[in-house]
Amino acid sequence: MTRGPATPLPSPKARRRLREAASLTQTQLAERVGVAPGTVRAWESGRTTPRGRKREAYAKLLKTLAAEEESAARQAARTPQPAPPPKTEPTGDRASAPKGCPEAEAEPGPEPGPGPEPESEPGPEPVAMPVPMREPAPESQPRSTREPIPEPRPAPAPLTPAQAFDALYEFSAPALVRQTFLLTGRREQARESVERAFQTAWERWPEVARDRDPVGWVRAAAYEYALSPWQRFRPRHRHPEPPPADPGDRTLLNTLLRLPPRHRRTLVLYDGVGLDLPETAAETEASTPAAAHRLLRAREAVAGRLPALADPQVLHRRLAELASNERLGAARPPTVRRGGERRARFRTRAAIAFTVALIGTTALTVRTAPTHYEPPVSPGQAVRGVPPRVAPGSLSDEELELRQKLRDQMQDGPERLSPQLE
C-alpha cells in the first residue's frame with residue numbers, strides 16, 4: 001500500500017526446491033530468517049505468506065540461494081569433460097596406432113567388391129608413427145560452441161553519505177507521505193512531517209545508516225511529529241483542508257480521524273503498511289497484547305461505521321486506495337538536506353548567541369556587584385510623647401512697658417538690688 005510494491009517471491013514449490021538444492025533444512029533456513037521452523041513449513045506449503053520485514057529477509061535469502069545455484073550450474077558447464085577411451089581395432093595397422101593418429105581416427109569404409117584393382121607404383125609401406133595422447137582443451141572447441149568468458153566487473157564504488165541519503169529518500173518518502181496523510185488527514189502537514197523526519201535522520205545519519213531498518217526509523221520520527229499535540233496550536237491547524245472528492249474516501253478518512261491517535265497509528269501500521277504484530281508493538285512502544293487490543297478496538301470502530309470493511313483484506317485494499325487517490329508529492333532530496341543543514345546552522349548560531357549573552361551578563365554582574373556587605377538603613381520612626389515646641393507670641397502692653405523700664409534703668413549699681421528683710 002503505502003510502503004511501495006511488495007518484494008516478489010517465487011512459488012512455494014520453487015522455495016522448497018531452492019532450499020533443498022542448497023542442502024538446508026527447514027530449521028536451518030528458519031534460523032537464518034529469524035522465524036520458527038513451522039513458519040517456514042507454512043510458507044513452503046503455501047498456507048501463509050510472509051509479510052513485512054520477514055518477507056524482505058526471506059526473499060533476499062531465496063535470491064541468494066538462486067544465485068548460488070545458477071553459479072554452480074554455470075561452473076559445471078564450464079568444466080571440461082574427460083576424454084573417452086581410445087577405440088582399438090582387432091587387426092591391422094590401425095589397431096597399433098593411437099587415437100590421435102589420422103590412420104586410427106579414419107573410419108573403415110566398405111570393403112571393395114571384386115574387380116580390377118587400380119595399378120599403383122610399388123613403394124615403401126607407410127609406417128604408423130606413435131602420437132602422444134592429449135586431452136581436449138576447452139580452447140579446441142569451436143568458437144560458436146564455447147561460452148564467452150565474462151570480463152571481471154570492477155567493484156562498485158561506495159556511496160557517499162549524501163548519495164545514500166538521497167537513495168533512501170527517493171525510495172521511501174512518497175510512501176511515507178501517504179501513510180502520514182492517513183494519520184493526520186492534512187496534506188501539507190504530512191509532507192512537512194516527513195521532511196522534518198528526514199532532516200533529523202540527516203543530522204543523525206551515522207546512527208540511521210547503521211540501523212537495521214532505516215525506513216522504520218524515519219517512519220517512527222514522522223509519525224511522532226505528525227501526531228504531536230502541539231500541532232493543534234499552529235495557525236495552519238485552524239484552517240481545514242478540502243476533503244477527498246470521493247464520498248467513500250471522505251467517509252473512511254473521517255472514520256480514521258475519529259479514532260484515538262494510538263489506535264489510528266496501530267491500524268495504519270498493521271493493516272496499511274503490513275507490519276507484523278510484534279513489529280507494530282515495537283514501533284508504537286507498546287507490548288504485543290496492548291498493540292493487539294488497540295488493533296481490535298480500531299477495527300471494531302471502523303466496522304461499526306463501515307460494515308463493508310469488517311474484513312481485514314478489504315480494509316487493507318481500501319486504505320491503499322485512499323492513500324493512492326491523493327496526489328501527494330515530496331520535495332527533492334537536495335532540498336531536504338539543505339533545509340536540514342540550514343536548521344542545524346540556525347540552532348548552532350542561536351546557541352552561540354545565547355552563550356555569548358549569558359557570558360556578557362555574568363561578566364557585567366561580577367563587575368558591578370559590591371565587594372563587601374553594606375547593612376541597609378533602617379526606616380525612621382515617629383517619636384511620641386514629646387510636647388510640641390511653642391513659638392513666642394506678641395508682647396502685651398504691660399510686658400512692653402516692663403521691658404522698656406528695665407532697659408532704661410542702670411544695669412549695675414547698688415540701687416538696682418536692695419535686699420529687704422521679710
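Relative accessible area is used here to class a residue as buried when under 20%, as exposed when over 50%, and as partly exposed in between (1.4 Å probe, protein chains only). By that scale A57 is partly exposed, with a relative accessible area of 30%. The structure is a predicted model, in which local features need pLDDT of at least 70 and side-chain atom pairs count only at pLDDT 80 or more, whereas totals for chains, interfaces and linings use all residues. Residues are numbered from 1 along each chain as its sequence is written, and side-chain values use heavy atoms, with hydrogens and water left out.

Secondary-structure elements are DSSP runs numbered from the N terminus, with helices (H or I) of at least four residues and strands (E) of at least two. On this basis A57 is placed in helix α4, which covers residues 52-78. The C-alpha atom of A57 lies 8.7 Å from that of G34, the two residues being 23 apart in sequence. A second pair of this kind involves G274, found in the loop between α12 (261-273) and α13, where it is buried, with a relative accessible area of 7%. The C-alpha atoms of G274 and H316 are separated by 8.5 Å, although their positions lie 42 residues apart along the chain when counted as a sequence separation.

Charge pairing was examined next. Side chains of opposite charge can pair when their charged atoms come close. With a salt bridge taken as a side-chain nitrogen of Lys or Arg within 4 Å of a carboxyl oxygen of Asp or Glu, the count comes to 18 salt bridges. One of them joins E20 and R16, whose closest N and O atoms are 3.1 Å apart. Because E20 and R16 are four residues apart in helix α1 (residues 12-21), about one helical turn separates them. E20 is partly exposed, at a relative accessible area of 45%, and R16 is likewise partly exposed, at 47%.

Other salt bridges link distant parts of the chain. R332 pairs with E170, the closest N and O atoms being 3.4 Å apart; R332 belongs to the loop between α15 (312-325) and α16 (333-368), while E170 belongs to helix α7 (residues 161-184), and the two are 162 residues apart. In this pair R332 counts as exposed, at 54% relative accessibility, whereas E170 is partly exposed, at 48%. A further salt bridge brings together the side chains of E283 and R219, with an N to O distance of 2.7 Å. Here the partners are 64 residues apart, E283 in helix α13 (residues 277-283) and R219 in helix α10 (residues 214-226), and both E283 and R219 are buried. In addition, D249, R317, R318 and E321 are joined into one network by salt bridges that share partners.

A polar contact (a pair of N or O atoms within 3.5 Å, where within protein one must be able to donate a hydrogen and the other to accept it, and residues adjacent in sequence count only if both atoms are side-chain atoms) joins the side chains of D213 and R53 at 2.9 Å. D213 is found in the loop between α9 (205-209) and α10 and counts as buried, at 12% relative accessibility.

Surface charge was treated through patches, made of residues with over 30% relative accessible area and no salt bridge, in which like charges are joined within 9 Å and nonpolar side chains (Val, Leu, Ile, Met, Phe, Trp, Tyr) within 5 Å. Lys and Arg count as positive and Asp and Glu as negative, His and the chain ends not being counted. R338, R342, R345 and R349 form a positive surface patch, and R342 of this group lies in helix α16. A patch of negative charge on the surface gathers D397, E398, E399 and E401; of these, E399 is placed in helix α17 (residues 397-408) and is partly exposed, at 41% relative accessibility.

Backbone geometry was also considered. S23, although not a glycine, has a positive phi of about 60 degrees; S23 is in the loop between α1 and α2 (26-33) and is exposed, with a relative accessible area of 62%. E285, another residue other than glycine, has a positive phi near 55 degrees, lies in the loop between α13 and α14 (288-305), and counts as exposed at 72% relative accessibility.

Key
Accessible areas come from the Shrake-Rupley method with a 1.4 Å probe; for residues, only the protein chains shown count as cover. The place of a charge is taken as NZ of Lys, CZ of Arg, CG of Asp or CD of Glu.
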